[in-house]
Every structure is written in structure tokens, then in C-alpha cells.
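The following exercises concern the fold and packing of one protein chain. Each task is followed by a solution that proceeds step by step.

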Amino acid sequence: MAKRLQEVQAERQELLIAERVLNRLTEQDRAAAEAAAAVAPAPARVAGRAVLLIPHRSESPDEAALPAGYRKILAIVRAADGPVRVRAVGEEPGLQVTVRGKPEPLPAKTTELADHGRLRKRGDGRFTARSQ
């Protein structure tokens with residue numbers, strides 16, 4: 001009986017430790033989810049349609065707040081040797097250029113990034129990266 005009692009107490013101790021570890025991991029996951037939600041693009045409705053709000057550069061200098069397509073456009077413009085046209089951005093592999101039912105989404109996205117201070121639009125219609 002005494003031996004069985006010791007085994008049960010040892011098992012109970014292991015379960016308590018496992019419970020503490022599980023609670024700690026759950027809290028870390030919750031904190032990570034809250035941090036990701038705070039950085040995620042803010043969805044909104046404009047004229048009854050769902051849109052993503054792109055934060056101005058001064059509001060959120062962290063690019064993680066941008067949707068993936070916008071981050072990809074920024075990376076392409078930064079990687080270019082000089083000013084680029086929207087067509088050159090669209091020729092890069094891995095970038096979705098057309099969206100069914102939406103005319104010219106790539107020029108609109110690039111212009112929106114410029115309007116929000118994340119890119120610089122030159123007079124000749126080409127785009128350059130702003131210094132970080």
C-alpha cells in the first residue's frame with residue numbers, strides 16, 4: 001500500500017508540473033495571437049463592401065501591419081535598381097497581378113502605398129522606395 005501511495009503521489013506531482021507547463025504555453029499562445037491581431041490589417045466596410053485599411057506610414061511603420069500583397073510590392077520596389085513602373089512590378093514572379101472583377105488592382109495598390117507614404121511616386125509615373 002505504501003509503495004502504491006508513493007507512486008500515486010509521484011504521478012500527481014508530474015501531472016501538476018504538466019498542468020503548469022500547459023498553462024504557460026496557453027498563455028504564450030494567447031499573447032502571440034493578441035500581438036498578431038494588433039498588427040494585422042484592419043478590415044472595414046466602405047459602401048457596404050469589405051476593404052482592408054492600409055495604415056499610413058506614420059501610424060504604423062511596421063510593415064507587418066500590411067497585407068501580404070502590399071508587402072510583396074514593397075519588397076519588389078526596394079529590390080529594384082532604380083525607379084520602377086507598375087508593369088515591371090507585375091512581371092515579378094509570385095505576385096498576383098489580376099483579380100477577377102477588379103480592374104487594375106496592381107496600379108491601385110501601388111498608388112495606395114504611395115498615398116500612404118510607403119512608396120514615392122515620381123512625376124513620370126514610376127515608383128521608388130522611401131528610406132526607412
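**Exercise 1. Overall organisation**

Determine what share of the contacts between residues at least 6 apart in sequence join residues at least 24 apart, and list the order of the elements.

Solution. Among the contacts in the protein chain between residues at least 6 apart in sequence, 48% join residues at least 24 apart. The coordinates come from a predicted model. The secondary structure consists of four helices and four strands, and the elements follow one another from the N terminus as α-β-β-α-α-α-β-β. Of the 132 residues in the chain, 20% are buried.

**Exercise 2. The geometry of helix α2**

Test whether the end-to-end distance of helix α2 (residues 68-79) agrees with the span expected at 1.5 Å a residue, and locate its buried residues.

Solution. Step one: helix α2 has 12 residues, for which a rise of 1.5 Å a residue gives an expected span of 16 Å. Step two: the C-alpha atoms at the two ends of α2 are 16 Å apart, in agreement with the expectation. Step three: the buried residues of α2 are Y70, I73, L74, I76 and V77. Because these residues cover an arc of only 165 degrees around the axis, they lie on the same side of α2. Step four: the cover over the buried residues of α2 includes the helices α3 (86-90) and α4 (105-115), together with the strands β3 (119-121) and β4 (127-129).

**Exercise 3. The packing of α2 against α4**

Classify the arrangement of α2 and α4 from their packing angle, and describe the residues that make the contact.

Solution. Step one: two packed helices are described by the angle between their axes and the distance between the axes. Step two: for α2 and α4 the angle is about 75 degrees, and the axes are 10 Å apart. Step three: angles of 65 to 115 degrees count as roughly perpendicular; α2 and α4 are therefore roughly perpendicular to each other. Step four: α2 contributes Y70, I73 and L74 to the contact, while α4 contributes L106, K109, T110, E112 and L113. The residues of this contact comprise five nonpolar, one polar and two charged.

**Exercise 4. The surroundings of α4**

Identify the buried residues of α4, the elements against which they pack, and the residue with positive phi that follows the helix.

Solution. Step one: P105, L106, T110, L113 and A114 are the buried residues of α4. Step two: the buried residues of α4 pack against α2, α3, β3 and β4. Step three: α4 is followed by G117, which has a positive phi near 85 degrees.

**Exercise 5. Three individual residues**

For R85, A80 and T128, decide which are buried and which partly exposed, and establish their relations to residues elsewhere in the chain.

Solution. Step one: R85 is placed in the loop between α2 and α3. Its relative accessible area is 46%, so R85 is partly exposed. Leaving aside neighbours within four places in sequence, R85 is in contact with D124, G125 and R126. R85 and R126 are 41 residues apart in sequence, yet their C-alpha atoms are 4.6 Å apart.

Step two: A80 also has its place in the loop between α2 and α3. With a relative accessible area of 25%, A80 is partly exposed. A80 and A129 are 49 residues apart along the chain, and 9.1 Å separates their C-alpha atoms.

Step three: T128 belongs to strand β4. The cut-off for a buried residue is under 20% relative accessible area; T128, at 16%, is therefore buried. Not counting residues up to four places away in sequence, T128 touches V77, P83, L119, R120 and R122.

Terms used
Residues numbered from 1 in each chain as written. Predicted model: local features only at pLDDT ≥ 70, side-chain atom pairs only at ≥ 80, totals over all residues. Heavy atoms only, no water. Expected span 1.5 Å × (residues − 1). Buried < 20%, exposed > 50% of the residue type's maximum accessible area, 1.4 Å probe, protein only. Arc of directions from axis to C-beta. Contact = heavy atoms within 4.5 Å. Axes fitted to C-alpha atoms, helices over the stretch in contact; angles between N-to-C directions. Parallel < 35°, antiparallel > 145°, perpendicular 65-115°, else oblique. Nonpolar A, V, L, I, M, F, W, Y, C, P; charged D, E, K, R; others polar.
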